[in-house]
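Welcome! Here is a short briefing to help you find your way around a structure you have not met before. Take a look at it first, and then read on.

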Amino acid sequence: MITDEDESLVGPDDAAEVHDAIVAAKGDAERVVFLGIGGDEGGCDNAYGGEVKDSEVLREVAGTFGARGMYRTRCKKRGDDPIGDVFAEALTTVVDAACETFTP
């Protein structure tokens, strides 16, 4: 999930409901790897132009997935290409670990 504001699937204060909706769609939490990319607390300047608002709910949703969830910022301070950097990090950490334990 990539956003420039704090969006959720059902409402602004319900990370658990978003988690449950994703798990219901997949059938099992062990089949989910969640990567959230959004704004820092207080917002920031987007590395790609414009403003990014705080993504508190998105951070919370990522946390509901434990080791299978990751949240990173898309703000300038992460580097020239924060989204590309985050995907590379996610593949070498969260996705690799999930694949090692996944039973098809």
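In this predicted model, V23 is a good place to begin. Beyond its neighbours within four places in sequence, V23 is in contact with D28, A29 and F65. Both V23 and F65 belong to the largest nonpolar core, which has twelve residues in all.

**The cores**
- Alongside V23 and F65, the largest nonpolar core includes A15, V18, I22, V57, V61 and Y71.
- Two or more residues of this core come from each of α1 (15–26) and α2 (56–64).
- There is also a second, separate core of seven residues, with L35, M70, I83 and A90 among them.

**How α1 and α2 meet**
- The axes of these two helices, α1 and α2, come within 8 Å and cross at roughly 50°.
- α1 and α2 are therefore oblique to each other.
- Their crossing, that of α1 and α2, is right-handed.
- On the α1 side, A15, V18 and H19 take part in the contact, and they meet V57, E60, V61 and T64 in α2.
- By type, the residues of this contact are four nonpolar, two polar and one charged.

**The chain as a whole**
- The chain has three helices and four strands.
- Read from the N terminus, its elements follow the order α-β-β-β-α-β-α.
- The chain has 104 residues, and 37% of them count as buried.
- Among contacts in the chain with a separation of 6 or more, 66% are between residues 24 or more positions apart.

Terms used:
Residues are numbered from 1 along each chain as its sequence is written. This is a predicted model: local features need pLDDT of at least 70, side-chain atom pairs count only at pLDDT 80 or more; totals for chains, interfaces and linings use all residues. Side-chain values use heavy atoms; hydrogens and water are left out. A nonpolar core is a set of buried Ala, Val, Leu, Ile, Met, Phe, Trp, Tyr and Cys residues joined through side-chain atoms within 4.5 Å. Buried means under 20% relative accessible area, exposed over 50%, partly exposed in between (1.4 Å probe, protein chains only). Contact means heavy atoms within 4.5 Å. Axes are lines fitted to C-alpha atoms, for helices over the stretch in contact, and angles run from 0 to 180 degrees between N-to-C directions. Angles under 35 degrees count as roughly parallel, over 145 as roughly antiparallel, 65 to 115 as roughly perpendicular and the rest as oblique. A crossing is left-handed if the near helix is turned anticlockwise from the far one by less than a right angle, and right-handed if clockwise. Ala, Val, Leu, Ile, Met, Phe, Trp, Tyr, Cys and Pro count as nonpolar, Asp, Glu, Lys and Arg as charged, and the others, Gly among them, as polar.
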